[in-house]
Amino acid sequence: MPSVRTHLWFGNDKAVEAAKFYAENIPDSAVNRVFTARTDPDSPVAEVVEFTVAGHEVVGLNAGPEFHLDEAFSFYLRVDGQQEVDHYWAILTADGGEAGACGWCKARYGVSWQVIPRELEELSGDYSTEANRRVCQAMLKMGKIDVAELQAAYDAA
């Protein structure tokens, strides 16, 4: 049976460090295996880490600076409530991470994340009502998502 895993090339050689960080800070995450790919015993080609992020299997590769992570790929971290938004946002943007717009941020390892509360999904619905569209407009003005502000936008007359 085929399977799918996300494969990330860390042009900054931080794959193992990133995997360990996510294993320590994101529930249901772990470093599963670290090894060096070789063409022969004396010729290392790449450092490889197999890890899990919130139950999702990932392969990280340190194979040189040819490729870099960018926002074209992101982990979508669905959380419950403002407290969890604040918690994970702080972890992911700390020590050289970067805050972005609309719930997006970048961890110090170069991996992009979306920290999205369940409430945003619920209040946005399918964007078919005026209230849903107000929530979307409010979200587009945010960096870190503010659940109370989303609710206020939804409830506005």
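The exercises below, each with a worked solution, concern a predicted model.

**Exercise 1. Work out the strand order of the open sheet, and explain why one side of β1 and of β2 is left without a neighbour.**

Step 1. The open sheet is built from four strands, which follow one another in the order β1-β4-β3-β2, and the pairing is mixed.

Step 2. Strands β1 (6-9) and β2 (30-40) stand at the edges, where each has a single partner strand, and therefore one side of each lacks a neighbour in the sheet.

Step 3. Going from one strand to the next, the twist averages 20°.

**Exercise 2. Describe how β2 is joined to β3, and find which elements of the sheet helix α1 touches.**

Step 1. Strands β2 and β3, the latter covering residues 43-53, run antiparallel and are joined by nine bridges.

Step 2. To see one of these positions in the structure, look for Val34, whose bridge partner in β3 is Val49.

Step 3. Helix α1, formed by residues 15-25, packs on the sheet and touches β2, β3 and β4 (56-62), while the direction of the helix makes about 15° with that of β3.

**Exercise 3. Determine in which sense β1 pairs with β4, and sort the residues of β1 by covered and uncovered face.**

Step 1. The pairing of β1 with β4 is parallel and extends over four bridges.

Step 2. Within this pair of strands, His7 is found opposite Val59 of β4.

Step 3. The covered face of β1 carries Thr6 and Leu8, whereas His7 and Trp9 belong to the uncovered face.

**Exercise 4. Decide whether the residues of the salt bridge between Glu17 and Lys14 are buried or partly exposed.**

Step 1. Side chains of opposite charge can pair when their charged atoms come close.

Step 2. A salt bridge requires the side-chain nitrogen to lie within 4 Å of the carboxyl oxygen, and in the pair of Glu17 and Lys14 the closest N and O atoms are 3.5 Å apart.

Step 3. Since a residue is called buried under 20% relative accessible area and exposed over 50%, Glu17 with 39% is partly exposed, and Lys14 with 32% is partly exposed as well.

Step 4. In the whole model, the count comes to eleven salt bridges.

**Exercise 5. Trace the salt bridges of Arg118, and state which residues are linked in the network.**

Step 1. Arg118 forms a salt bridge with Asp80, in which the closest N and O atoms are 2.7 Å apart.

Step 2. This pair links distant parts of the chain, as Asp80 lies in the loop between β5 (74-79) and α2 (81-93) and Arg118 lies in helix α3 (residues 118-124), the two being 38 residues apart.

Step 3. Arg118 also forms a salt bridge with Glu119, and here the closest N and O atoms are 3.1 Å apart.

Step 4. The residues linked in the network of salt bridges are Asp80, Arg118, Glu119 and Glu122.

Step 5. Asp80, with a relative accessible area of 44%, is partly exposed, and Arg118 at 27% is partly exposed too, but Glu119 is buried at 13%.

**Exercise 6. Explain why Cys105 and Cys136 are in no disulfide.**

Step 1. A disulfide calls for two cysteine sulfur atoms within 2.5 Å.

Step 2. For Cys105, the nearest cysteine sulfur is that of Cys102, which is 12 Å away, and Cys105 itself is buried at 3% relative accessibility.

Step 3. For Cys136, the nearest cysteine sulfur is again that of Cys102, at 8.1 Å, and Cys136 is partly exposed at 22% relative accessibility.

Step 4. Neither distance meets the cut-off, so Cys105 and Cys136 are in no disulfide, and the structure holds zero disulfides.

Note on methods: Residues are numbered from 1 along each chain as its sequence is written. This is a predicted model: local features need pLDDT of at least 70, side-chain atom pairs count only at pLDDT 80 or more; totals for chains, interfaces and linings use all residues. Side-chain values use heavy atoms; hydrogens and water are left out. Two strands pair if DSSP finds at least two bridges between them. Axes are lines fitted to C-alpha atoms, for helices over the stretch in contact, and angles run from 0 to 180 degrees between N-to-C directions. Contact means heavy atoms within 4.5 Å. Buried means under 20% relative accessible area, exposed over 50%, partly exposed in between (1.4 Å probe, protein chains only).
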